[in-house]
Amino acid sequence: MTTAQLAAAPRGEVEHVFSLPHVPGAVAGIRRRVRAVLSDWNLTADCAADVLLVVSELLTNAIVHAVPPATLRLSRSLPEGCGTVRVEVTDLGPVAPAEDPASSIDPDEHGRGLDIVNALASRCGVHVHTGGTSRWAELPSA
């Protein structure tokens, strides 16, 4: 079951946390919930679409390539000037490679997710830590 927590974060930030079930359809369910948050934040349609695409790509990577569980942290900072939406997905790290992964992966359908994230984000990266791996992206919110 997914959960969301709203917490007052420092420096005028607002954060939502979603647990990602490791089941088919999980990304679509989280996307619906994120769409509602973005609507409450009154983001432009283009900005919300970009954030939703980044959320989808990072969550899908966690389901396909990582050990569960995964958690999405969605936050918005409102410093003077341009605000930022941060998308961060943390999982327990990569799954062990399959015997013959090339036979099950269609190159026309996979392999472009992080390129999309890089193209849309103003900043992005990966942080490997004792709790797993966090992939994050920041997008301008104005």
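## Arg-86 and the salt-bridge network

Arg-86 is partly exposed in this predicted model, since its relative accessible area is 23%. Its side chain forms a salt bridge with Glu-138, and the closest N and O atoms of the pair lie 2.9 Å apart. This contact links distant parts of the chain, as Arg-86 belongs to strand β4 and Glu-138 to strand β6 (residues 132–140), with their positions 52 residues apart in sequence. Glu-138 has a relative accessibility of 15% and therefore counts as buried, the cut-off being under 20%.

Glu-138 also forms a salt bridge with Arg-123, where the closest N and O atoms are 3.0 Å apart. Here strand β5, which holds Arg-123, is linked to strand β6, which holds Glu-138, and the two residues are 15 apart. Arg-123 is partly exposed at 48% relative accessibility. Through shared partners, salt bridges join Arg-86, Glu-88, Arg-123 and Glu-138 into one network.

## The Arg-73 to Glu-15 pair

The structure holds 5 salt bridges. One of them pairs Arg-73 with Glu-15, with 3.3 Å between the closest N and O atoms. Arg-73 lies in strand β3 (residues 70–77) and Glu-15 in strand β2 (residues 13–20), so that the pair, 58 residues apart, links distant parts of the chain. Arg-73 counts as partly exposed, at 33% relative accessibility, whereas Glu-15 is buried, with a relative accessible area of 19%.

## Overall architecture and helix packing

The chain contains 3 helices and 6 strands, arranged along the sequence in the pattern β-β-α-α-β-β-α-β-β. Of its 142 residues, 37% are buried.

Two packed helices are described by the angle between their axes and the distance between the axes. For helix α1 (residues 26–40) and helix α2 (residues 45–65), the axes come within 10 Å and cross at roughly 150°. Because angles over 145 degrees count as roughly antiparallel, α1 and α2 are roughly antiparallel to each other. Their crossing is right-handed.

## Surface features

Val-67, Leu-92 and Val-95 form a nonpolar surface patch, and together they have about 220 Å² of accessible area. Leu-92 is located in the loop between β4 (84–91) and α3 (113–120). With a relative accessible area of 46%, Leu-92 is partly exposed.

Val-126, in strand β5 (residues 123–129), counts as exposed at 56% relative accessibility. Val-126 and Thr-90 are 36 residues apart in sequence, and their C-alpha atoms are 9.6 Å apart in space.

Conventions
Residues numbered from 1 in each chain as written. Predicted model: local features only at pLDDT ≥ 70, side-chain atom pairs only at ≥ 80, totals over all residues. Heavy atoms only, no water. Patch = residues over 30% accessible without salt bridge, like charges linked within 9 Å, V, L, I, M, F, W, Y side chains within 5 Å. Areas by Shrake-Rupley, 256 points an atom, 1.4 Å probe, with all protein chains shown as cover. Salt bridge = Lys/Arg side-chain N within 4 Å of Asp/Glu carboxyl O. Helix = DSSP H or I, 4+ residues; strand = E, 2+ residues; numbered from the N terminus. Buried < 20%, exposed > 50% of the residue type's maximum accessible area, 1.4 Å probe, protein only. Axes fitted to C-alpha atoms, helices over the stretch in contact; angles between N-to-C directions. Parallel < 35°, antiparallel > 145°, perpendicular 65-115°, else oblique. Left-handed = near helix turned anticlockwise from the far one by under 90°.
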